[in-house]
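Me: I've got a structure open here and would like to go through it with you, starting with the ligand and then moving to the sheets. Can we take it piece by piece?

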Amino acid sequence: FPPERIRNFGVLAHIDSGKSTLSDRMLEMTGTIRKPVADPNRLATEEAKNEQVLDTLKVERERGITVRAQSATMIYTKAANDSYLLNLVDTPGHVDFSSELLRSLLSCQGAVLLVDAGQGIQAQTLSVLDEALSRGLTVVGAVNKWDLVKDDGRGEAAVQELSDLLGCDPSEILRISAKTGWGVESVLEAIVERIPPPPPIPSEGENLRALAFDSWYDSFRGVVSLVSIHEGELRKGDSITSTTTGKSYPVLDIGILSPGELSIATHLDPDSRVLRKGMVGWFVCGMKDPKEAFLGDTFHLTTAPMPPLETFKPLKPMVYAGIYPLDPGGFGKLEDAIRRLTLTDRSVTVNRESSSFLGQGFRLGFNGSLHMDVFRQRLEDEFDEEVIVTRPLVPVKIIYKDGTEKTIDNPADFPDPGGLLKVTQVMEPMIRATIVAPDEYMGAIMSLCTAHRGIPISQTYLSTGSTSSASTALKPRVSLIFSLPLSSIITTFHSNLKSISSGFASFDYEEAPYEVSDLVRMNILVSGQKIDALCTVVHRSQVQKEGRDWAARLREAIPRQQHEVVIQAAVGTNILARERIAPFRKMKLLSKQKVGKARLKERNMCV
Ligand code: GDP
Ligand code: MG
């Protein structure tokens, strides 16, 4: 395939708009995966098996979200002798995984922007579009789930909103149903017609520059690296060098994802045994140590050194939490599982820590709380590791009177009231939140944001809609921008927002600079002893409520003992709340620590 017959594109959308379904349907229509036979007697489960091919992680299928960007290559035959090589990148839909989104887009020239017909534009539609446009990508708008809206006007309203947003004619917006396959052909056509091909093949002898944007570990072959070929060509037998480590490797095998790994090194046609400029493919080079595989690394031919490509900046972790094995002897096994998982998810930072209460564990940094949740679930699903996650903390900056500055990722390191005397400023990270919802919910949303220490920045009507319409989806919709502390949204904000808006509000955010904040450390004492793993950092205005909540929840979680147990929440010497657990009447022999930990987990106390 010459470059003019290659298209590299992503599918972008707010979560649940049907990206994965559309991707699967395209793979099916191009014959890349087998199409389910249209047989009315087929079992529904059999049909379901063929769905969601790209969401391969168990947690992705269960939660219906895409965590890792998956690529797939397909051949689209538009007409006889008119075929194209389409490289599809399925992008994650959640803000916590935006580092994955960014790196996926690096290898694309265009994107299909999907909008759910019943929902219209949602918060994330706006943020992914910004990202795509800032990278100069050609965007094809499509309104999905047309089968659900039929003729009730919601579909056309969504088309209008999307064409306004993209600044194009409504006739350019595709109307599709990814689920039934209706209109999906028009998506393939638009990709070929509207999205530009990758830059043309250079003059002879251009040197290789390949950008590694994903990798995974195979116990037989070692690291498999997914690369986008920016310049030159890559063949089996080449010797390549990493610009990051300077190490050289022999290329043992090359291939494409289709969507499984398909080697092209032994293809019948010698001309096809190559990854060319513009292509996305994988290689194996006998790299045995996952630590040598860097995302964003540039490879060149050992004989032809080239400077590295400009690459994505890694996201800084914004949520930290302690992770401990439930089984006190399980540290080594947990360490191994974390090491393997972080190979596929490099955005997690790992440090060891220990707690007098929970034993040996790790302090991990994540992009957000969903990211953290997904990581924990992957540990459980893929490595059979039961873990306890302590209460998350955002990074807090402390500026001391002597001018030094320190970023704290563990509540136990936050100064106590005595220590705060040496501090000039405590700063916490803020976010700029975008919330899109029908205007009837604006009052409730405003109060929710204010209760989370939010400050409104702007309010814009997205569509005029009709106030008299019976259907909420046709009512006027507003895009609200709020400044909020990041810490306020890492726990229950999102679910509260969904419930006060009957599910109609959508939410997305971007990082904003740190701001000065009045934070204090709240300690938890059990029978007078401070429990390091349970202390938290809270805004002063919220200590009373938080203290009472925590003491009450702990009373439920800590098992009865032979003696009375007193739980206290305190800031310095100031006791905010006190609960007591009455002793057992009869002797009972139990491993105190083990039961305590199990209960904490059971009640999800720490998260
Ligand atoms: P993603 O989060 O954007 O990847 O969305 P998914 O592809 O996982 O789809 C979310 C849900 O919408 C799933 O339950 C799909 O079956 C459903 N869905 C996707 N496309 C359509 C469609 O065209 N019509 C209908 N009725 N449902 C759809
Ligand atoms: Mg998906």
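Me: Which atom of ligand 1 does a backbone N or O atom of K19 lie 2.8 Å from?

Reply: Bearing in mind that this is a predicted model, a backbone N or O atom of K19 lies 2.8 Å from an oxygen atom of ligand 1.

Me: And how much of ligand 1's accessible area does the protein cover?

Reply: On its own, ligand 1 has 580 Å² of accessible area, and the protein covers 84% of that.

Me: What about side chains, say K145 and D147: what atoms of ligand 1 are they next to?

Reply: A polar side-chain atom of K145 lies 3.0 Å from an oxygen atom of ligand 1, whereas for D147 the partner is a nitrogen atom of the ligand, at 2.7 Å from a polar side-chain atom.

Me: How many residues surround ligand 1, and which are the closest?

Reply: The shell holds 16 residues, and the closest are D16, K19, S20, T21 and D147. By type, the shell residues divide into 3 nonpolar, 8 polar and 5 charged.

Me: Which helices supply at least two residues of that shell?

Reply: Those are α1, spanning 19–29, and α6, spanning 146–149. The largest share comes from α1, which supplies 3 residues.

Me: Back to K145 for a second, where does it sit and what is its phi?

Reply: K145 lies in the loop between β5, residues 138–144, and α6, and its phi is positive, at about 65°, although K145 is not a glycine.

Me: I also flagged S527; what is phi there, and which loop is it in?

Reply: Phi of S527 is near 45°, again a positive value in a residue other than glycine, and S527 is found in the loop between β27 (519–526) and β28 (529–530).

Me: Why does S527 count as partly exposed?

Reply: Its relative accessibility is 43%, and partly exposed covers the range between under 20%, which is buried, and over 50%, which is exposed, so S527 counts as partly exposed.

Me: New topic, the sheets: what is the strand order in the one with 8 strands?

Reply: The order is β11-β10-β16-β7-β8-β15-β12-β13, in an open sheet with antiparallel pairing. Its edge strands are β11 (248–250) and β13 (261–263), each of which pairs on one side only. Neighbouring strands of this sheet are turned by 40° against each other on average, direction ignored.

Me: How many bridges join β10 to β11?

Reply: There are 3 bridges between β10, residues 239–242, and β11, with the two strands running antiparallel, and the bridge partner of T241 in β11 is S248.

Me: And the sheet with 4 strands, which strands stand at its edges?

Reply: That open sheet has the order β18-β19-β17-β20 and is also paired in the antiparallel sense. β18 (349–355) and β20 (387–389) stand at the edges, and because each has a single partner strand, one side of each is left without a neighbour in the sheet. The average turn between neighbouring strands in this sheet is 30°, direction ignored.

Me: How many bridges pair β17 with β20?

Reply: β17, residues 319–325, pairs with β20 over 3 bridges in the antiparallel sense; among the partners, I323 is bridged to V389 in β20.

Me: Last one, where is P199, and how far is it from E4 in sequence and in space?

Reply: P199 has its place in the loop between α8 (184–194) and β7 (209–218). P199 and E4 are 195 residues apart in sequence, with 8.3 Å between their C-alpha atoms in space. P199 is partly exposed, with a relative accessible area of 45%.

Key:
Residues numbered from 1 in each chain as written. Chains lettered and ligands numbered in written order. Predicted model: local features only at pLDDT ≥ 70, side-chain atom pairs only at ≥ 80, totals over all residues. Heavy atoms only, no water. Near = heavy atom within 4 Å. Polar contact = N/O pair within 3.5 Å; in protein donor to acceptor, adjacent residues only side chain to side chain. Areas by Shrake-Rupley, 256 points an atom, 1.4 Å probe, with all protein chains shown as cover. Nonpolar A, V, L, I, M, F, W, Y, C, P; charged D, E, K, R; others polar. Pairing = 2+ DSSP bridges. Axes fitted to C-alpha atoms, helices over the stretch in contact; angles between N-to-C directions. Buried < 20%, exposed > 50% of the residue type's maximum accessible area, 1.4 Å probe, protein only.
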